[in-house]
Amino acid sequence: MKKASRKDKPLVLDILSQSFHDNQSVNYIIRQDKNKTERIRQLMSYSFEICTSFGEVFLSDDEKASALVVYPEKKRTTLHSTLLDLRLVFGAVGFGNIVKTLKREKLIHSIQPQERMTYLWFIGVDPLAQQKGIGSRLLQGVIAHSNADNRNVLLETSMPRNIPWYEKHGFKQYGELDLGHRLYFFRRDVER
């Protein structure tokens, strides 16, 4: 696993946009129209920028998988983050989904524990490279990095098929939310 740089942004966006094209949670907030693919890419661009400012962006060594993590206690409202938020609304979410998106974020934050954590926002593998252990190695790298920094790893998934994969890597479900689709909350505590 390596830390991604700004020059890696197009590659990270390609990986994550393809990986999350059919994701229920992503499609819940993205305006669904003929520009859906570009809107998902804009969401991933926003997420890349937020993670670059308030977390980290990782790539697998073979550059076939990427993970975006945020350290919530480091998040701040800045002019840059506000501009990113506006770009997200105009480019990806759309005005019609603002209330739904804000409500979703409030519900997620009400379930998430308020603790120092690594929030694994997105992890994805190039669809042509899936089922080869690349995502598992990247996830293990994120876990090891978080353990070294004494941080629990928290995430959500809306994809039931991913639940056994997270459980195999030591994650435990701690919550669930019904948004018209199920959102499952998982955590993996620091190994001491």
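**Entry 1: D22.** I started with D22 and asked whether it is buried or exposed. Its relative accessibility is 59%, and the cut-off for exposed is over 50%, so D22 counts as exposed. I note here that the model is a predicted one. I then looked up where D22 sits, and found it in the loop between α1 and α2. Leaving out residues up to four places away in sequence, D22 touches N27, K36 and M159. I also checked D22 against N152, which is 130 residues apart from it along the chain. The C-alpha atoms of the two are separated by 28 Å.

**Entry 2: helix α1.** I moved to the helix before that loop, α1, which covers residues 9–19. Which of its residues are buried? I listed K9, V12, L13, I15, L16 and S17. Next I looked for what covers these buried residues, and the cover includes α3 (36–54), β2 (55–59), β3 (65–70) and β4 (117–125).

**Entry 3: the cores.** In soluble globular proteins, nonpolar side chains tend to be buried together. I therefore looked for such groups, with that tendency in mind. The largest nonpolar core here has 35 residues. Within this core, V12, V26, L43, M44 and F122 touch the most other members. I asked which elements give two or more residues to this core. They are α1, α2 (24–29), α3, β2, β3, α4 (79–93), β4 and β7 (182–188). The most comes from α3, which gives eight residues. Another core, of 21 residues, lies apart from this one, and I noted F58, Y71, A129 and L139 among its members.

I took V26 as one example from the largest core. Not counting residues up to four places away in sequence, V26 touches F20, I40, L43, M44 and F122.

**Entry 4: the sheet.** I traced the strands and found seven of them in an open sheet, with mixed pairing. Their order is β1-β2-β3-β4-β5-β7-β6. Which strands are at the edges? They are β1 (2–3) and β6 (172–178), and each pairs on one side only. I then looked at one pair inside the sheet: β3 and β4 are antiparallel and share six bridges. For A65, I found the bridge partner in β4 to be V125.

**Entry 5: helices across the sheet.** I finished with two helices. The first, α3, lies across β2, β3 and β4, and runs at about 120 degrees to β2. The second, α5 (residues 98–111), lies across β5 (152–157), β6 and β7. I recorded about 150 degrees between α5 and β6.

How values were computed
Residues numbered from 1 in each chain as written. Predicted model: local features only at pLDDT ≥ 70, side-chain atom pairs only at ≥ 80, totals over all residues. Heavy atoms only, no water. Buried < 20%, exposed > 50% of the residue type's maximum accessible area, 1.4 Å probe, protein only. Helix = DSSP H or I, 4+ residues; strand = E, 2+ residues; numbered from the N terminus. Contact = heavy atoms within 4.5 Å. Core = buried A, V, L, I, M, F, W, Y, C linked by side-chain atoms within 4.5 Å. Pairing = 2+ DSSP bridges. Axes fitted to C-alpha atoms, helices over the stretch in contact; angles between N-to-C directions.
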